Each structure stands twice: as structure tokens, then as C-alpha cells.
Amino acid sequence: MYKILRNFLFLFDAELIHEFSVKFIKLFFNIPLTKTIIRRFFVVNHHSLEKKLFGLTFKNPVGLAAGFDKNADSYREFSNFGFGFIEIGTVTPLPQPGNPKKRIFRLVEDKSLINRLGFNNKGLEVITENLKKKRDIIIGANIGKNFFTENVDAHDDYLKCLTDLNDYVDYFAVNISSPNTKGLRDFHDKKLLKPLLEKLVNKNNEMRNSKPLLLKISPDINSQQLDAIIQLVLELKIDGVIATNTTISRDGIESKYKEETGGLSGMKLRDKSNLIISSLRKKLGADFPIIGVGGIMNAEDALKKIKCGADLVQLYTGFIYEGPSLIKRINNLLLDQELNKNYEK
């Protein structure tokens with residue numbers, strides 16, 4: 001059923017359909033009993049799915065990645081589809097429109113997307129207000145800098161987001177890895193990254209109710225950059241790593257849109273993301289928290305990410321292509337794995 005609906009929706013502009021779908025979902029959940037029915041159909045509740053990381057207990061390991069609910073205006077609705085956590089943003093201190101449209105492209109042959117949105121969001125004031133709504137799901141805030149902020153001053157933007165959102169979210173994801181904001185990926189250089197993270201860690205430690213700080217990294221970094229980041233993460237006691245953001249690589253892409261600039265997500269990102277996750281797990285040890293994202297198009301993809309070393313996983317493109325039933329399929333597969341493991345013991 002969803003595939004028929006998806007094929008129809010894919011006839012229209014991707015960003016327009018995203019906005020329409022979110023508005024429809026919000027209206028849909030205003031219908032009496034809708035929430036109860038949808039949750040009964042999609043939510044998988046079992047204690048074996050719970051994950052405890054950086055002081056938080058996740059009901060299940062499947063999250064919605066940043067970029068879907070940029071302005072924190074629909075996290076309560078999306079929580080009804082069975083997610084264990086939702087990451088809002090990317091949030092910047094001031095509102096910004098992002099890059100010129102058209103800026104999202106569906107690469108259907110490749111089961112992928114290219115986007116060059118550019119941190120379009122309504123800014124801290126609106127997003128903070130939206131986060132005051134009652135909720136029963138873990139919320140992370142993906143934070144970044146405004147496009148006009150020079151890298152030398154970028155720490156001010158990240159610190160502003162950290163302080164203003166502190167009372168309203170459960171963890172922070174420091175985004176240095178989007179390819180759609182000029183100069184942002186320069187922060188993968190240790191000389192730039194260390195002072196930024198030091199300022200964030202120090203500020204976070206000063207706060208009355210400090211929150212876990214995670215770092216979201218690129219899949220396009222080389223082994224030397226990755227080693228330097230790992231060294232910093234351990235030195236500064238960063239709470240976790242999110243691997244990975246979108247890629248600028250176009251290896252193996254067949255779509256006519258392959259020359260479009262922007263970050264590629266979906267199936268063609270999967271292997272690059274998994275390689276980074278495997279390397280992180282090997283070098284950071286068995287207990288360090290890793291969130292895996294990139295190319296999860298079915299339940300087996302999620303399981304592979306976990307076997308590569310991810311503790312939690314996040315969906316974006318797979319959620320668009322497969323719909324909310326993907327969350328249930330992943331959780332059911334992971335539950336079967338856990339129950340079989342316990343049975344074998």
C-alpha cells in the first residue's frame with residue numbers, strides 16, 4: 001500500500017511533498033483515536049529492545065535522523081510510528097532560508113537522495129518554543145552554525161544553541177559534517193575542531209543540567225582525519241559519535257541527477273558509513289557509544305550496522321522510501337536476535 005502511495009508522491013517535487021506529508025501527518029493525528037490505532041500497529045514494545053547509553057534509556061534503538069524534523073514541530077507525531085528517539089534540526093541561532101531551490105533530488109534507480117538544503121530552519125527562538133510541548137520520547141538536538149558565520153566565530157553559534165536548548169533536549173549532536181554549508185567540513189581538521197569542542201565541553205560542564213555531547217562526522221574523511229578525531233573524542237571525553245552524515249561521492253551512481261551538488265544519502269551511502277563505524281568501534285573500544293546512520297533501507301541493513309559496531313541507528317532516506325513500517329521491521333528483527341541470543345544462553 002505504501003509503495004503505491006510513494007510512487008504517486010514521487011511524481012511531485014521532493015521538498016514540496018515532504019512539507020505536505022508533515023502537514024498531513026499533523027492533521028491526521030488530530031483525528032480522535034488515531035494515535036492509539038497507529039501506535040498499536042507500528043510500536044514494538046519489549047524490554048529487550050531497550051538501550052542504555054550516556055545516561056539515557058532508549059525504548060528501542062531506531063531513531064529518526066536530523067533533517068526530517070528541522071524545526072521540532074512534528075516530533076510528537078513521528079514518535080507514534082515507533083521510533084526510540086528523534087533528532088531535531090539542524091538548528092542555527094538565527095533563522096535562515098537555506099540554499100536556493102530546487103535542492104532535493106530523488107535518485108530512484110539508486111534508492112538514494114541528494115540534498116543541498118543548507119541548514120534551512122526557523123532559528124532558536126521558534127525551535128525552543130516548539131520543544132516545550134509535552135513528550136514521551138528522547139529528543140536530540142543537531143546544532144550548527146549560520147551560513148554567514150565565519151569559522152573563526154563558529155563556536156559562538158554552537159554555544160548559543162547549546163545554552164538555549166539545554167533545558168529542552170536530552171542530548172546534543174555537534175554537526176561539523178554537512179557538505180551543504182560552506183567551510184563546515186573544515187572542522188574535521190584537528191586544529192579547528194579541538195578549540196571548538198573544548199569550548200563546548202567546558203560550557204556544557206558548567207551548566208546545572210549538562211547533557212551528553214555527540215559529534216556527527218563525515219563519511220568522506222581519510223584515515224588520518226578519523227584517527228585525529230578519535231584522539232580528540234577520547235581526550236575531551238565526548239559522549240558519543242554519530243557516523244555518518246551524507247557523502248559528496250558519486251561512485252556507482254546511475255541516476256541522471258548524479259552531477260547535482262549536495263550530500264548523497266540512501267543505499268549508496270551504506271558501505272561508506274559502515275566502514276567508518278567499523279573503524280570507530282575497533283579504535284574506540286567495545287563500550288563507546290556510536291550511532292549509525294546512512295543507507296538503512298531494510299531491517300537487514302540496520303542489523304549490519306549494529307554488527308559493524310553501532311549501538312543505535314537512525315533513518316532518513318529509508319524512511320522516505322519504505323515508510324513507517326520499516327521501523328517496525330527493524331525492531332522486530334532486532335528483538336528476534338535478542339530473544340534467540342537469550343534462548344541460546
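Okay, let's start with Glu77, which is buried, at a relative accessible area of 13%. Keep in mind that this is a predicted model. So who does that side chain talk to? Glu77 meets Lys26 in a salt bridge, 3.7 Å from N to O. That pair links distant parts of the chain: Lys26 sits in helix H2, residues 14-28, while Glu77 sits in helix H4, residues 75-78, and the two are 51 residues apart. Unlike its buried partner, Lys26 counts as partly exposed, with 25% relative accessibility.

Staying with charges: the count comes to 15 salt bridges, and I'll pick out a couple more. Arg185 and Asp220 have their side chains joined in one, at 2.7 Å, N to O. Arg185 is in the loop between strand S8 (171-175) and helix H7 (190-206), and Asp220 is in the loop between strand S9 (213-217) and helix H8 (223-236), so this pair ties together parts that are 35 residues apart in sequence. On accessibility, Arg185 counts as buried at 18%, whereas Asp220 is partly exposed at 26%. And there's a third member here: Lys272 is linked with Arg185 and Asp220 in a network of salt bridges.

Next up, Arg281 and Asp311, whose side chains meet in a salt bridge at 3.0 Å, N to O. Arg281 belongs to helix H9, residues 270-284, and Asp311 to the loop between helix H10 (299-308) and strand S13 (312-315), so parts 30 residues apart in sequence get tied together. Buried or exposed, for Arg281? Arg281 is buried, with a relative accessible area of 15%, and Asp311 counts as buried too, at 14% relative accessibility.

Now for charges on the surface. Lys35, Arg76, Lys133 and Lys134 gather there in a patch of positive charge. If you want to find Lys133 on the screen, look in the loop between helix H5 (124-130) and strand S7 (138-143). Lys133 has a relative accessible area of 32%, so we call this residue partly exposed.

Last topic, the rings. How many aromatic pairs does the structure hold? There are 20 aromatic pairs. One of them is Phe8 with Phe12, an edge-to-face pair with 5.3 Å centre to centre and 75 degrees between the planes. Phe8 counts as partly exposed at 48% relative accessibility, and Phe12 does as well, at 38%. Then there's an aromatic cluster whose members include Phe20, Phe24, Phe28 and Phe29, along with Phe78, Phe81, Phe83, Tyr316 and Phe319.

That's what I had, thanks.

Technical notes
Residues are numbered from 1 along each chain as its sequence is written. This is a predicted model: local features need pLDDT of at least 70, side-chain atom pairs count only at pLDDT 80 or more; totals for chains, interfaces and linings use all residues. Side-chain values use heavy atoms; hydrogens and water are left out. Patches are made of residues with over 30% relative accessible area and no salt bridge: like charges are joined within 9 Å, nonpolar side chains (Val, Leu, Ile, Met, Phe, Trp, Tyr) within 5 Å. Accessible areas come from the Shrake-Rupley method with a 1.4 Å probe; for residues, only the protein chains shown count as cover. A salt bridge is a side-chain nitrogen of Lys or Arg within 4 Å of a carboxyl oxygen of Asp or Glu. Lys and Arg count as positive and Asp and Glu as negative; His and the chain ends are not counted. The place of a charge is taken as NZ of Lys, CZ of Arg, CG of Asp or CD of Glu. Helices (H or I, at least four residues) and strands (E, at least two) are DSSP runs, numbered from the N terminus. Buried means under 20% relative accessible area, exposed over 50%, partly exposed in between (1.4 Å probe, protein chains only). Rings of Phe, Tyr and Trp (its six-membered ring) pair if their centres lie within 6.5 Å; planes under 30 degrees apart count as stacked, over 60 as edge-to-face and the rest as tilted.
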